[in-house]
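Q: Please give me a close look at a single part of this model, one strand with its partners and the loop that follows. Follow the contacts of that loop as far as they lead.

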Amino acid sequence: MALRRFRPITRDLVFHLRGVPDESAAHAWGLADGDPLPVWVEASLDAWGIAGVYSRASEGPCFLLVTPGEALPLDHPMRRIPRTPGAAVLVAACVSDAARGSRGGRSASTGRTPSGHGLGTLPGRANQANQANQDADRTDQRDRFHSVTAGRQLTSFLAGRLHGCVPAIEAGGVEGGSPDLRVAPKPWLESLGFRLVDPLDAAPVSRMQLDLRQTVVSKDFGHRILGWVRGWSSDPAPEPCGAESRRTHRLDHAARH
(Lines give C-alpha, C1' and ligand atoms only; values in the text may rest on other atoms or scores of the structure.)
Protein backbone atom coordinates (compact mmCIF):
# COMPACT_ATOMS: atom_id res chain seq x y z
CA MET A 1 0.00 0.00 0.00
CA ALA A 2 1.33 3.43 -0.95
CA LEU A 3 2.36 5.77 1.85
CA ARG A 4 0.53 9.06 1.71
CA ARG A 5 1.81 12.28 3.20
CA PHE A 6 -1.05 14.44 4.39
CA ARG A 7 -1.05 18.22 4.37
CA PRO A 8 -3.58 20.83 5.45
CA ILE A 9 -4.23 23.32 2.65
CA THR A 10 -2.98 26.52 4.26
CA ARG A 11 -2.65 29.85 2.45
CA ASP A 12 0.91 29.02 1.42
CA LEU A 13 -0.14 25.67 -0.06
CA VAL A 14 -3.24 26.66 -2.05
CA PHE A 15 -1.07 26.79 -5.17
CA HIS A 16 -0.80 22.98 -5.04
CA LEU A 17 -4.46 22.82 -6.06
CA ARG A 18 -4.14 25.12 -9.08
CA GLY A 19 -5.32 23.41 -12.25
CA VAL A 20 -5.94 19.94 -10.81
CA PRO A 21 -7.20 17.46 -11.75
CA ASP A 22 -7.62 19.54 -14.93
CA GLU A 23 -8.24 23.19 -15.78
CA SER A 24 -11.96 22.73 -16.45
CA ALA A 25 -12.65 20.99 -13.16
CA ALA A 26 -10.44 23.37 -11.18
CA HIS A 27 -12.25 26.36 -12.67
CA ALA A 28 -15.53 24.98 -11.26
CA TRP A 29 -14.30 25.78 -7.74
CA GLY A 30 -12.19 28.79 -8.75
CA LEU A 31 -8.69 27.32 -8.65
CA ALA A 32 -7.73 27.09 -12.31
CA ASP A 33 -4.42 28.69 -13.28
CA GLY A 34 -4.97 32.44 -13.49
CA ASP A 35 -8.17 32.50 -11.41
CA PRO A 36 -8.13 35.02 -8.54
CA LEU A 37 -8.20 33.42 -5.10
CA PRO A 38 -11.90 32.58 -4.55
CA VAL A 39 -13.95 34.17 -1.77
CA TRP A 40 -14.73 30.73 -0.36
CA VAL A 41 -11.00 30.01 0.11
CA GLU A 42 -10.53 33.29 1.98
CA ALA A 43 -13.53 32.44 4.18
CA SER A 44 -12.10 29.00 4.98
CA LEU A 45 -8.67 30.37 5.81
CA ASP A 46 -10.17 33.07 8.03
CA ALA A 47 -12.39 30.58 9.86
CA TRP A 48 -10.05 27.59 10.29
CA GLY A 49 -6.65 28.45 8.83
CA ILE A 50 -7.13 25.79 6.12
CA ALA A 51 -9.21 25.35 2.97
CA GLY A 52 -9.12 21.57 3.10
CA VAL A 53 -6.57 18.75 3.09
CA TYR A 54 -4.53 16.97 0.44
CA SER A 55 -1.93 14.27 0.08
CA ARG A 56 1.11 13.86 -2.11
CA ALA A 57 0.99 10.64 -4.08
CA SER A 58 2.13 9.44 -7.50
CA GLU A 59 -1.31 8.05 -8.39
CA GLY A 60 -2.84 11.47 -9.01
CA PRO A 61 -4.62 14.31 -7.19
CA CYS A 62 -6.05 13.58 -3.78
CA PHE A 63 -7.79 16.36 -1.84
CA LEU A 64 -10.91 17.48 0.00
CA LEU A 65 -11.86 21.18 -0.15
CA VAL A 66 -14.19 22.70 2.46
CA THR A 67 -15.67 26.08 3.30
CA PRO A 68 -18.26 27.57 5.69
CA GLY A 69 -21.75 27.04 4.28
CA GLU A 70 -22.45 30.75 3.86
CA ALA A 71 -19.33 31.15 1.70
CA LEU A 72 -20.18 28.46 -0.88
CA PRO A 73 -19.89 29.64 -4.49
CA LEU A 74 -23.25 30.80 -5.82
CA ASP A 75 -23.35 28.07 -8.48
CA HIS A 76 -22.33 25.22 -6.15
CA PRO A 77 -24.91 22.36 -6.01
CA MET A 78 -24.99 22.50 -2.19
CA ARG A 79 -25.89 26.21 -2.24
CA ARG A 80 -29.57 25.36 -2.86
CA ILE A 81 -29.76 22.81 -0.04
CA PRO A 82 -30.47 23.68 3.63
CA ARG A 83 -27.37 23.17 5.75
CA THR A 84 -26.47 22.86 9.43
CA PRO A 85 -25.44 26.28 10.83
CA GLY A 86 -21.71 26.39 11.40
CA ALA A 87 -20.97 23.22 9.42
CA ALA A 88 -18.10 22.87 6.98
CA VAL A 89 -19.33 22.03 3.48
CA LEU A 90 -17.42 19.99 0.92
CA VAL A 91 -16.60 22.21 -2.07
CA ALA A 92 -14.92 19.41 -4.03
CA ALA A 93 -13.63 15.87 -3.51
CA CYS A 94 -10.97 14.40 -5.75
CA VAL A 95 -9.49 11.26 -4.20
CA SER A 96 -7.40 9.14 -6.54
CA ASP A 97 -6.94 5.48 -5.73
CA ALA A 98 -3.56 4.72 -4.17
CA ALA A 99 -4.08 0.95 -4.37
CA ARG A 100 -5.41 0.68 -7.91
CA GLY A 101 -2.04 -0.15 -9.41
CA SER A 102 -1.16 -2.82 -6.83
CA ARG A 103 -4.36 -4.54 -5.83
CA GLY A 104 -3.95 -8.15 -4.95
CA GLY A 105 -7.21 -8.79 -3.16
CA ARG A 106 -10.57 -7.41 -2.21
CA SER A 107 -9.39 -5.63 0.94
CA ALA A 108 -6.98 -3.47 -1.07
CA SER A 109 -9.84 -1.95 -3.07
CA THR A 110 -12.26 -1.45 -0.21
CA GLY A 111 -10.07 -0.30 2.64
CA ARG A 112 -12.27 -2.47 4.85
CA THR A 113 -11.07 -3.34 8.31
CA PRO A 114 -11.13 -7.03 9.33
CA SER A 115 -14.38 -6.54 11.22
CA GLY A 116 -16.07 -4.91 8.22
CA HIS A 117 -16.53 -1.61 10.02
CA GLY A 118 -15.52 1.64 8.35
CA LEU A 119 -14.05 4.74 9.99
CA GLY A 120 -16.55 6.29 12.36
CA THR A 121 -19.04 3.40 12.20
CA LEU A 122 -21.06 3.16 15.39
CA PRO A 123 -21.83 -0.19 17.10
CA GLY A 124 -25.00 -1.90 15.85
CA ARG A 125 -24.64 -0.59 12.29
CA ALA A 126 -22.48 -3.39 10.87
CA ASN A 127 -25.01 -4.45 8.24
CA GLN A 128 -25.45 -0.91 6.99
CA ALA A 129 -21.66 -0.43 6.90
CA ASN A 130 -21.17 -3.68 4.98
CA GLN A 131 -23.77 -2.68 2.41
CA ALA A 132 -22.15 0.74 2.04
CA ASN A 133 -18.79 -0.99 1.53
CA GLN A 134 -20.22 -3.22 -1.19
CA ASP A 135 -21.88 -0.29 -2.97
CA ALA A 136 -18.68 1.74 -2.65
CA ASP A 137 -16.68 -1.16 -4.11
CA ARG A 138 -18.81 -1.06 -7.25
CA THR A 139 -18.57 2.73 -7.45
CA ASP A 140 -14.80 2.69 -6.84
CA GLN A 141 -14.25 0.22 -9.69
CA ARG A 142 -15.82 2.73 -12.12
CA ASP A 143 -14.54 5.99 -10.68
CA ARG A 144 -10.84 6.53 -10.00
CA PHE A 145 -11.52 9.88 -8.32
CA HIS A 146 -13.44 8.39 -5.38
CA SER A 147 -11.22 5.83 -3.68
CA VAL A 148 -12.65 4.37 -0.48
CA THR A 149 -9.29 3.72 1.15
CA ALA A 150 -7.76 7.13 0.43
CA GLY A 151 -11.09 8.82 1.13
CA ARG A 152 -11.19 7.43 4.65
CA GLN A 153 -7.64 8.53 5.31
CA LEU A 154 -8.27 12.09 4.11
CA THR A 155 -11.61 12.31 5.91
CA SER A 156 -9.99 11.23 9.18
CA PHE A 157 -7.26 13.84 8.72
CA LEU A 158 -9.79 16.56 7.87
CA ALA A 159 -11.95 15.66 10.88
CA GLY A 160 -8.88 16.03 13.07
CA ARG A 161 -8.21 19.50 11.73
CA LEU A 162 -11.81 20.68 12.11
CA HIS A 163 -12.68 19.03 15.42
CA GLY A 164 -13.74 21.75 17.85
CA CYS A 165 -14.38 24.21 14.99
CA VAL A 166 -17.50 22.80 13.36
CA PRO A 167 -20.36 20.52 14.42
CA ALA A 168 -20.34 18.57 11.17
CA ILE A 169 -18.96 18.22 7.66
CA GLU A 170 -21.64 18.15 4.95
CA ALA A 171 -21.51 17.15 1.28
CA GLY A 172 -23.72 16.71 -1.76
CA GLY A 173 -24.40 13.08 -2.61
CA VAL A 174 -25.63 11.78 -5.98
CA GLU A 175 -26.70 8.40 -7.32
CA GLY A 176 -23.95 6.69 -9.29
CA GLY A 177 -20.87 8.42 -10.58
CA SER A 178 -20.72 12.06 -11.63
CA PRO A 179 -18.22 14.05 -13.70
CA ASP A 180 -18.87 16.99 -11.35
CA LEU A 181 -16.38 16.63 -8.48
CA ARG A 182 -18.29 19.19 -6.40
CA VAL A 183 -20.62 16.30 -5.51
CA ALA A 184 -19.81 12.64 -4.82
CA PRO A 185 -21.48 9.22 -5.07
CA LYS A 186 -23.67 8.56 -2.04
CA PRO A 187 -22.27 5.03 -1.45
CA TRP A 188 -18.76 6.49 -1.36
CA LEU A 189 -19.72 9.17 1.16
CA GLU A 190 -21.51 6.56 3.29
CA SER A 191 -18.36 4.42 3.33
CA LEU A 192 -16.51 7.41 4.81
CA GLY A 193 -19.02 7.78 7.66
CA PHE A 194 -21.45 10.30 6.14
CA ARG A 195 -25.16 9.66 6.54
CA LEU A 196 -28.15 10.72 4.47
CA VAL A 197 -29.89 13.51 6.37
CA ASP A 198 -33.32 13.27 4.72
CA PRO A 199 -34.06 9.86 3.12
CA LEU A 200 -37.39 11.18 1.77
CA ASP A 201 -35.79 14.01 -0.20
CA ALA A 202 -36.04 13.14 -3.90
CA ALA A 203 -33.80 15.99 -5.11
CA PRO A 204 -30.96 15.04 -7.52
CA VAL A 205 -28.38 16.12 -4.91
CA SER A 206 -28.84 14.73 -1.40
CA ARG A 207 -27.52 16.28 1.79
CA MET A 208 -24.97 13.98 3.43
CA GLN A 209 -23.51 14.68 6.87
CA LEU A 210 -20.57 13.53 8.96
CA ASP A 211 -21.51 14.56 12.51
CA LEU A 212 -18.26 15.23 14.36
CA ARG A 213 -20.09 15.46 17.68
CA GLN A 214 -21.15 11.81 17.41
CA THR A 215 -18.39 10.25 15.33
CA VAL A 216 -15.54 11.63 17.44
CA VAL A 217 -15.33 11.23 21.21
CA SER A 218 -13.52 14.25 22.63
CA LYS A 219 -11.77 12.48 25.51
CA ASP A 220 -10.00 9.92 23.31
CA PHE A 221 -9.90 11.89 20.08
CA GLY A 222 -6.17 12.67 20.23
CA HIS A 223 -5.16 9.06 20.72
CA ARG A 224 -7.44 7.82 17.94
CA ILE A 225 -6.22 10.35 15.39
CA LEU A 226 -2.59 9.85 16.42
CA GLY A 227 -2.86 6.11 15.93
CA TRP A 228 -4.73 6.45 12.64
CA VAL A 229 -2.36 8.98 11.11
CA ARG A 230 0.75 7.13 12.23
CA GLY A 231 -0.59 4.07 10.49
CA TRP A 232 -0.82 5.83 7.11
CA SER A 233 1.61 8.74 7.11
CA SER A 234 4.93 9.85 8.49
CA ASP A 235 3.50 13.29 9.32
CA PRO A 236 2.66 14.26 12.92
CA ALA A 237 -0.91 14.00 14.14
CA PRO A 238 -3.17 16.98 13.32
CA GLU A 239 -3.90 19.58 15.94
CA PRO A 240 -7.60 19.97 16.79
CA CYS A 241 -8.89 23.39 15.80
CA GLY A 242 -10.13 25.25 18.86
CA ALA A 243 -11.02 28.84 19.67
CA GLU A 244 -7.40 29.77 20.43
CA SER A 245 -6.06 28.39 17.16
CA ARG A 246 -8.80 30.19 15.21
CA ARG A 247 -7.77 33.43 16.91
CA THR A 248 -4.13 32.78 15.98
CA HIS A 249 -5.07 32.18 12.33
CA ARG A 250 -6.96 35.48 12.19
CA LEU A 251 -4.09 37.40 13.80
CA ASP A 252 -1.60 35.87 11.37
CA HIS A 253 -3.82 36.79 8.43
CA ALA A 254 -4.23 40.35 9.70
CA ALA A 255 -0.48 40.71 10.17
CA ARG A 256 0.12 39.83 6.52
CA HIS A 257 -2.15 42.67 5.45
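A: Buried means under 20% relative accessible area, exposed means over 50%, and partly exposed lies in between (1.4 Å probe, protein chains only). This is a predicted model, in which local features need pLDDT of at least 70 and side-chain atom pairs count only at pLDDT 80 or more, while totals for chains, interfaces and linings use all residues. Residues are numbered from 1 along each chain as its sequence is written, and side-chain values use heavy atoms, with hydrogens and water left out. Helices (H or I, at least four residues) and strands (E, at least two) are DSSP runs, numbered from the N terminus.

Start with the strand. E3 spans residues 62-68. It is mostly covered, with 7 of its 7 residues buried. Cys 62, Leu 64, Val 66 and Pro 68 point one way from E3. Phe 63, Leu 65 and Thr 67 point the other way. Both sets are buried.

Next, the partners. Two strands pair if DSSP finds at least two bridges between them. Strand E2 (residues 52-56) runs antiparallel to E3, joined by 3 bridges. Here Tyr 54 has Phe 63 of E3 as its bridge partner. E3 and E4 also run antiparallel, and 7 bridges join them. Across this pairing, Leu 64 stands opposite Ala 93 in E4.

Now the loop. Thr 84 sits between E3 and strand E4 (88-95). Its relative accessible area is 18%, so Thr 84 counts as buried. Contact means heavy atoms within 4.5 Å. Beyond neighbours within four places in sequence, Thr 84 is in contact with Pro 167, Glu 170, Arg 207 and Gln 209. One of these, Arg 207, makes a polar contact with Thr 84, side chain to side chain, at 2.6 Å. A polar contact is a pair of N or O atoms within 3.5 Å; within protein, one must be able to donate a hydrogen and the other to accept it, and residues adjacent in sequence count only if both atoms are side-chain atoms.

The loop between E3 and E4 also carries a charged residue, Asp 75. Side chains of opposite charge can pair when their charged atoms come close. A salt bridge is a side-chain nitrogen of Lys or Arg within 4 Å of a carboxyl oxygen of Asp or Glu. Asp 75 forms one with Arg 182 (4.0 Å, N to O). This pair links distant parts of the chain, 107 residues apart. Arg 182 lies in the loop between strand E5 (168-174) and strand E6 (184-185). Its relative accessibility is 15%, so Arg 182 is buried.

Arg 182 has a further partner. Its side chain meets that of Asp 180 in a salt bridge (2.9 Å, N to O). Asp 180 has 22% relative accessibility and therefore counts as partly exposed.

The structure holds 6 salt bridges. Another joins the side chains of Arg 213 and Asp 211 (3.1 Å, N to O). Its two ends differ in burial: Arg 213 is exposed at 57%, whereas Asp 211 is buried at 9%. Elsewhere, salt bridges that share partners join Asp 75, Asp 180 and Arg 182 into one network. That network takes in the loop that follows E3, through Asp 75.
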